[in-house]
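Happy to go through this one with you at the bench. Let's take the labels one at a time and ask what stands behind each.

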Amino acid sequence: IEIGPQGKKRAKNVLPIRATRPIRLRQPAAAPWGTATLFAIPAFMLLYGGVVLLWRPPATIAWVYLGMSLLTFVAYARDKAAARNGTWRTSEQTLHLLSIACGWPGALMAQRLLGHKSTKAAFRSVFWGTVLINVLGFIGLCSPIGRELLRT
């Protein structure tokens with residue numbers, strides 16, 4: 001220790017400590033991006049068009065998907081910003097609930113464009129489960145049987 005030019009104590013002759021072997025931090029397993037990710041939204045748009053031609057569901061369903069997708073994208077963006085800033089985060093459960101409630105296209109776009117929640121394999125497998133449940137629910141509710149059940 002010595003006194004520096006401004007009269008403050010400072011270190012002198014400091015050498016870094018060298019580890020005997022490199023320390024490796026275990027990273028979570030990255031989930032691979034498959035072709036299903038690239039074609040999920042266009043495939044759903046084709047499915048939606050087919051359902052519209054077959055069963056003529058109310059147009060409000062399209063607006064629900066659009067609105068929930070925008071809301072979900074914003075939730076992902078805010079959670080990514082919170083992760084960077086070390087502030088309050090949105091729970092994964094909330095993100096999954098938004099996905100299952102017609103927001104999965106926005107979640108998928110946020111994962112691709114923002115790179116948020118895109119590598120954690122456990123999160124992605126639950127996410128794809130929410131997509132499957134939502135799409136099956138969409139088909140079921142728009143079908144004649146589903147519409148009849150909603151009337152009663």
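Q: Which residues are linked with E2 in a network of salt bridges?
A: R10 and K12 are linked with E2 in that network. Please keep in mind that this is a predicted model.

Q: What makes D79 and R89 a salt bridge?
A: Their closest N and O atoms are 2.8 Å apart. The cut-off is 4 Å between a side-chain nitrogen of Lys or Arg and a carboxyl oxygen of Asp or Glu, so this pair qualifies. D79 lies in helix α2 and R89 in the loop between α2 and α3, so the pair ties together parts that are 10 residues apart in sequence.

Q: Why is D79 called buried, and R89 partly exposed?
A: Buried means under 20% relative accessible area, and partly exposed runs from there up to 50%. D79 has 0%, so it counts as buried. R89 has 34%, so it falls in the partly exposed range.

Q: How do you know that E92 and K117 form a salt bridge?
A: The N to O distance between their side chains is 3.0 Å, and the limit is 4 Å. E92 lies in helix α3 and K117 in the loop between α3 and α4, so this pair ties together parts that are 25 residues apart in sequence.

Q: Is K117 buried or exposed?
A: K117 has a relative accessible area of 14%, which is under 20%, so it is buried. Its partner E92, at 26%, counts as partly exposed.

Q: What makes R151 exposed?
A: Its relative accessible area is 64%, and exposed means over 50%, so the label fits. R151 forms a salt bridge with E148, with the closest N and O atoms 3.2 Å apart. Both lie in helix α5, three residues apart, about one turn of the helix.

Q: Why is T90 called buried?
A: T90 has 17% relative accessibility, under the 20% cut-off, so it counts as buried. Leaving aside neighbours within four places in sequence, T90 is in contact with A75, D79 and L95.

Q: Why does S143 count as buried, and where is it found?
A: At 12% relative accessibility S143 is under 20%, so it is buried. S143 is found in the loop between α4 (121–142) and α5 (144–151). A polar atom of its side chain lies 2.8 Å from the backbone oxygen of G140.

Q: Which residues have the most contacts inside the largest nonpolar core?
A: They are F44, Y65, Y76, W104, F127 and F138, in a core of 20 residues. Helix α3 gives the most to this core, with seven residues.

Technical notes
Residues are numbered from 1 along each chain as its sequence is written. This is a predicted model: local features need pLDDT of at least 70, side-chain atom pairs count only at pLDDT 80 or more; totals for chains, interfaces and linings use all residues. Side-chain values use heavy atoms; hydrogens and water are left out. Helices (H or I, at least four residues) and strands (E, at least two) are DSSP runs, numbered from the N terminus. Buried means under 20% relative accessible area, exposed over 50%, partly exposed in between (1.4 Å probe, protein chains only). A polar contact is a pair of N or O atoms within 3.5 Å; within protein, one must be able to donate a hydrogen and the other to accept it, and residues adjacent in sequence count only if both atoms are side-chain atoms. Contact means heavy atoms within 4.5 Å. A nonpolar core is a set of buried Ala, Val, Leu, Ile, Met, Phe, Trp, Tyr and Cys residues joined through side-chain atoms within 4.5 Å.
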